[in-house]
Amino acid sequence: MRLRRHLLNLQRLLRCQQQRRTLRYVYLKLKRLRATPPEIARGFAAGIFTSMMPLFGVQTIFAVGLATLIRGNPFAAALSTWISNPLTFVPLYMLNFKVGQQFVDTQCLMLSLQPGMSLAALSQLGLACLLTLTVGCLMMGIPLATVSYFVGLQLAYRWQRDRRF
């Protein structure tokens, strides 16, 4: 029993060290980042924008692609997509859906589901909800990306200034 407890503690310690190693790698990668502050800020904004979109599982790929397209830093873009994770998906997309309902006139999903609905009617309802969510994501993503660009720009300038000394 005692040996088993020591083995479990050792496993926890190894897991914790692996997480520390990963965090240290990200920290060192950020510290050695050789990009201008506007590039870092554009990458940061691209990541924030794509994290608002309903691109489950491929947000990082789209963020890196968008950052490359707008000449932003791909690493900053990939890092900033972490605000959208399994813990924040539900509240984030519920808020985006509610915002989308202000711009697109759709019925509530639960009120629209009725027994005996055809597959075509159900798919139309799904498309309407997806449209509402996408519009809400755009309405939230554009202002948040704009704000995050200017915040990221200030942080990048400060970080590079402090790094020199």
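In the predicted model, Ile142 is placed in helix H7, which spans residues 119-164. The side chain environment of Ile142 is intermediate, since a relative accessible area of 49% makes this residue count as partly exposed, the upper limit of that class being 50%. Along the chain Ile142 and Phe49 are separated by 93 residues, yet their C-alpha atoms lie 6.5 Å apart in space. Phe49 falls within the residue range of helix H2 (37-52), so that the pair links a position in H7 with one in H2 as regards C-alpha distance.

The protein as a whole contains seven helices and zero strands, and the order of elements along the sequence is accordingly written α-α-α-α-α-α-α. Of its 165 residues, 32% are classed as buried. When contacts with a sequence separation of 6 or more are considered, 78% of them join residues that are 24 or more positions apart. The exposed area of the protein amounts to about 11,700 Å², and 67% of this area is supplied by carbon and sulfur atoms.

Helix H3, comprising residues 59-69, has three buried residues, namely Gln59, Ala63 and Ala67. These residues lie on the same side of H3, because the arc that they cover around the axis is only 65°. Their packing partners are three other helices, H2 (37-52), H4 (74-80) and H5 (89-103). The other side of H3 carries the exposed residues Ile61, Thr68 and Leu69. For Leu69, which is located in helix H3, the relative accessibility is 72%, and the residue therefore counts as exposed, the cut-off being over 50%. The C-alpha atom of Leu69 is separated by 10.0 Å from that of Gly43, a residue 26 positions away along the chain.

A nonpolar patch on the surface is formed by Val58, Ile61 and Phe62, which together present about 280 Å² of accessible area. Within this group, Ile61 is one of the exposed residues on the side of H3 that lies opposite the buried ones. Phe62 likewise belongs to helix H3, but its relative accessible area of 44% places Phe62 in the partly exposed class.

The loop between H3 and H4 contains both Arg71 and Asn73, and the two residues are assigned to opposite classes of accessibility, Arg71 being exposed with a relative accessible area of 67% and Asn73 being buried at 9%. Arg71, which comes just after H3, adopts a positive phi of about 60° although this residue is not a glycine. Asn73, with residues up to four places away in sequence left out of the count, touches Leu33, Ala35, Glu39, Ile40, Gly43 and Ala67. One of these partners, Ala67, is also among the buried residues of H3, whereas Gly43 is the residue for which the C-alpha separation of 10.0 Å from Leu69 was computed.

The loop between H4 and H5 provides a further buried position in Ser84, whose relative accessible area is 7%. Once neighbours within four places in sequence are set aside, the residues in contact with Ser84 are Ser51, Gln59, Phe89, Leu92 and Tyr93. Gln59 thus appears both as a contact of Ser84 and as one of the buried residues of H3. The C-alpha atoms of Ser84 and Thr50 are 9.2 Å apart in space, while 34 residues separate the two in sequence.

With regard to the cysteines, the structure holds zero disulfides. Cys129 is buried, with a relative accessible area of 13%, and Cys137 also counts as buried, at a relative accessibility of 0%.

Technical notes:
Residues are numbered from 1 along each chain as its sequence is written. This is a predicted model: local features need pLDDT of at least 70, side-chain atom pairs count only at pLDDT 80 or more; totals for chains, interfaces and linings use all residues. Side-chain values use heavy atoms; hydrogens and water are left out. Buried means under 20% relative accessible area, exposed over 50%, partly exposed in between (1.4 Å probe, protein chains only). Helices (H or I, at least four residues) and strands (E, at least two) are DSSP runs, numbered from the N terminus. The arc is that of the directions from the helix axis to the C-beta atoms. Contact means heavy atoms within 4.5 Å. A disulfide is a pair of cysteine sulfur atoms within 2.5 Å. Patches are made of residues with over 30% relative accessible area and no salt bridge: like charges are joined within 9 Å, nonpolar side chains (Val, Leu, Ile, Met, Phe, Trp, Tyr) within 5 Å. Accessible areas come from the Shrake-Rupley method with a 1.4 Å probe; for residues, only the protein chains shown count as cover. A salt bridge is a side-chain nitrogen of Lys or Arg within 4 Å of a carboxyl oxygen of Asp or Glu.
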